[in-house]
Amino acid sequence: MAVLLAVLSAAAFGGADFIGGLASRKASAVSVVVTAHLIGLALVAVVAPFWGSAGPASADLLWGAAAGAAGAGGLVILYHALATTRFSVAAPAAALLGAAVPVVYGVLVGERPEPIAWAGVAVALPAILMIGVTSEEGEAGKPLVRRAVLLGSLAGVLFGLFGILISQTADTSGVWPLLGARLASIPVIAGVALVRRHPLLVEGRGLALALTAGAADMSANILLLAALHEPGLVSLVLLVSSLYPAGTVLLARVVLDERMNRVQVAGLLLAGLGLALIAIG
């Protein structure tokens, strides 16, 4: 069940990042995240009383708040990268680091997946990177690709930290930790918007996109937290959820007509194989 929930989480994250990237082409990435997180806060506030424990524990809210601060920073960086570079490079770079950091953490704290699951990890990590291999050629495109890799990698480290921190919450905490995450992330991002003199909220044509991205992102987080609270290894759950670039790249191919090269297609196939091995393990 944990792997299935993580797969659904990855699909929702992929859609949220694609839509958020589109919104960030119409408005500031910071404004998009503030708007998205506000709708996410409203969504989790409605869901929380009916999911899990009757009320939030202070420790779970604090873990959630710490995770929210890390995740918010990563999301601003990623949305900025998606808006100014290439979807098909920035998103996989973020996912690769977002997956690798929890795997390293899992090893350090003593998690020991079965050999077949390790084989899945060995296949899935390079698959994430392959999905981001660009066919863009020429000197003019190289700075854009390097920038996408740099910003995506930085966002990925913060996403990995988010997963580690949110996994520390109690299995009985329901989705209350996500309420703490949003209560922490919104002031952080709003502060960034004020310092950079960006509007706090998205207006005009990008508003619907930002709201949709926020609802999808919170849905993905709820699914991820549910997966983490199921029996299973934290590192593997976070790795599976980090396969979301497959959805982002496929949407970019269908909607924006960003071409996929053979290496990217092979990466998608390897990601599927890695996921199957992890599920079996």
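This is a short tour of helix packing and a few residues in a predicted model.

**Stop 1: His37**

Begin by selecting helix α2, residues 29-47, and find His37 within this helix. Is His37 buried or exposed? His37 has a relative accessible area of 2%. Since buried means under 20%, His37 is buried.

Show the side chains of His37 and Ser185 next. A polar contact of 2.8 Å joins these two side chains. To see the rest of the surroundings, add Ala72, Leu75, Arg182, Ile186 and Asp217, which His37 touches along with Ser185. That list leaves out residues up to four places away in sequence.

**Stop 2: α2 against α8**

Keep α2 on screen and add helix α8, residues 207-228. The axes of α2 and α8 are 7 Å apart, and the two helices pack at an angle of about 50°. That angle makes α2 oblique to α8. The crossing of this pair is right-handed.

Which residues form the contact between α2 and α8? On the α2 side, select Val32, Thr35, Ala36, His37, Ile39, Gly40, Leu43 and Val44. On the α8 side, select Leu207, Ala210, Leu211, Gly214, Ala215, Asp217, Met218 and Ser219. By class, the residues of the contact of α2 with α8 are ten nonpolar, five polar and one charged. His37 from the previous stop is part of this set, and Asp217 in α8 is one of the residues that His37 touches.

**Stop 3: α7 against α8**

Hide α2 and show helix α7, residues 176-195, together with α8. Here the helices pack at an angle of about 135°, with their axes 10 Å apart. α7 and α8 are therefore oblique to each other. Their crossing is right-handed.

Select Pro177, Leu178 and Arg182 in α7; they meet Asp217, Met218, Asn221, Ile222 and Leu225 in α8. The contact of α7 with α8 has five nonpolar, one polar and two charged residues. Asp217 and Met218 are in this contact and also in the contact of α2 with α8. Arg182, in α7, is among the residues touched by His37.

**Stop 4: Gly272**

Finally, move to helix α11, residues 262-280, and select Gly272. How accessible is Gly272? At 40% relative accessibility, Gly272 counts as partly exposed. Add Phe13 to the selection and draw a distance between the two C-alpha atoms. They are separated by 17 Å, while Gly272 and Phe13 lie 259 residues apart along the chain.

Terms used. Residues numbered from 1 in each chain as written. Predicted model: local features only at pLDDT ≥ 70, side-chain atom pairs only at ≥ 80, totals over all residues. Heavy atoms only, no water. Axes fitted to C-alpha atoms, helices over the stretch in contact; angles between N-to-C directions. Helix = DSSP H or I, 4+ residues; strand = E, 2+ residues; numbered from the N terminus. Parallel < 35°, antiparallel > 145°, perpendicular 65-115°, else oblique. Left-handed = near helix turned anticlockwise from the far one by under 90°. Contact = heavy atoms within 4.5 Å. Nonpolar A, V, L, I, M, F, W, Y, C, P; charged D, E, K, R; others polar. Buried < 20%, exposed > 50% of the residue type's maximum accessible area, 1.4 Å probe, protein only. Polar contact = N/O pair within 3.5 Å; in protein donor to acceptor, adjacent residues only side chain to side chain.
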